[in-house]
Amino acid sequence: MDATGTETLSEQFQRTVEADQRVEPRDWMPDAYRSSLVRQIAQHAHSEVIGMQPEGSWITRAPSLRRKAILMAKVQDEAGHGLYLYAAAETLGVSRQELLDMLHGGRQKYSTIFNYPAVTWADVGAIGWLVDGAAITNQIPLCRCSYGPYARAMTRVCREESFHQRQGFELLHTLSHGTAAQRAMAQDAVNRWWWPTLMMFGPPDGDSAHGVQSMAWRIKRHSNDELRQRFVDMCVPQAGVLGLTLPDPELRWNPERGHHDFGAIDWDEFRAVVRGDGLCNRQRIAHRVAAHEEGRWVREAALAHAEKRRGRPSGEAAA
Ligand code: 3HC
């Protein structure tokens, strides 16, 4: 309360968050809350856009028209998820061009998972089942995030994400119940994607720089380790239905914990990929920057058209 006994803006903000109500773009918010949201939402958007590359490289090589159509729909969805999230970030006063400049310049991150190559067709199934499954596990709580635009974007993303996971599971199920060569291809893909997928949930809680504050602001609703454990518990029975083995000899049900114990994650690998030393980091950014440059004429044409309609001379070329 200030001297006159009225609630300060900071107290109003805290009361809103603690009452599980939404903070909206025009509401007062601490600068640190705003910048943490810009950081997380931008990196989430970058992940969606870069995430199109591994699967996109298989659209022309899909084994049937049906699979091609499904994969095209999924990759298009990811582009839309990126747009929802860039739009949510823009409500915090940052421009899309600024965010793209930070991504292209290596000053903002995207998820490590997309720096692994999609080597065979089975990888498309493993990405759908595991990576989108992990994304759903992480994104459902974000539907209750304290920042309105982010929470609403997540609600729409999660509806589409469940299709992504199911189509990946079905693709793997087809292979794992096919020929011996198909079964081997499916198992090989799961072997390669399982551990990098567990890294998607972030470092262990003890090393999470933002986790405690993010949960206090009700941006994150659960810790990295909690969601990772929830994902492992979800995948074990699904792997059983697939007839595939999760590549962790220490994975077993622990009745005392009521969860599955699992082996140690290679955090040195995680830190190396975050640092830019993953298998595909340079290729992913080079592809992204090239696509952005190739799309410059589209942005310029759209801008010129919009300004013509508004009756103003065509402005500076689109950045
Ligand atoms: N890849 C790259 N960087 C990661 C990472 C990962 N898998 N996990 C954590 N980091 C980074 C964080 O960004 C942070 O670095 P920064 O300060 O430069 O931002 C640092 O490691 C410490 O991690 P924290 O736990 O402190 O960071 P957060 O509290 O932000 O938690 C997170 C990390 C769980 C990824 C959180 O940011 C989050 O929930 N983000 C939203 C979901 C998201 O971005 N998912 C990525 C995949 S999107 C996707 O899969 C789409 C699907 O359709 C395919």
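In this predicted model, R218 sits in the loop between α9 (211–216) and α10 (224–242). Its backbone is a bit out of the ordinary: most residues other than glycine have a negative phi. R218 is not a glycine, yet its phi is positive, at about 55°. As for its surroundings, R218 has a relative accessibility of 24%, so it counts as partly exposed, given that the partly exposed range runs between 20% and 50%.

A similar story turns up at D20, which is found in the loop that links α1 (9–18) with α2 (31–50). D20 is not a glycine either, and its phi is positive too, at about 60°.

Now for some helix packing. Two packed helices are described by the angle between their axes and the distance between the axes. For helix α6 (residues 121–142) and helix α7 (residues 148–176), the axes come within 7 Å and cross at roughly 150°. Angles over 145 degrees count as roughly antiparallel, so α6 is roughly antiparallel to α7. The crossing of α6 past α7 is left-handed. Sorted by class, the contact of α6 with α7 has 18 nonpolar residues, along with nine polar and two charged ones.

Finally, there is the second largest pocket, with a volume of about 300 Å³. Its lining is made up of V49, M52, A79, L83, Y86, R96, Q97, L100, R288, A291, H292 and R299. Two or more residues of that lining come from each of α4 (65–90), α5 (96–104) and α12 (281–294). In terms of class, seven of the lining residues of this pocket are nonpolar, two are polar and three are charged.

Technical notes:
Residues are numbered from 1 along each chain as its sequence is written. This is a predicted model: local features need pLDDT of at least 70, side-chain atom pairs count only at pLDDT 80 or more; totals for chains, interfaces and linings use all residues. Side-chain values use heavy atoms; hydrogens and water are left out. On a 1 Å grid over the protein atoms alone, a cavity is a set of points where a 1.4 Å probe fits but cannot get out, and a pocket is an open set with protein on both sides within 12 Å along at least five of seven lines; lining residues have an atom within 4 Å of a point. Grid points are joined across faces, edges and corners, and a volume is the space filled by probe spheres set on the points. Helices (H or I, at least four residues) and strands (E, at least two) are DSSP runs, numbered from the N terminus. Ala, Val, Leu, Ile, Met, Phe, Trp, Tyr, Cys and Pro count as nonpolar, Asp, Glu, Lys and Arg as charged, and the others, Gly among them, as polar. Axes are lines fitted to C-alpha atoms, for helices over the stretch in contact, and angles run from 0 to 180 degrees between N-to-C directions. Angles under 35 degrees count as roughly parallel, over 145 as roughly antiparallel, 65 to 115 as roughly perpendicular and the rest as oblique. A crossing is left-handed if the near helix is turned anticlockwise from the far one by less than a right angle, and right-handed if clockwise. Buried means under 20% relative accessible area, exposed over 50%, partly exposed in between (1.4 Å probe, protein chains only).
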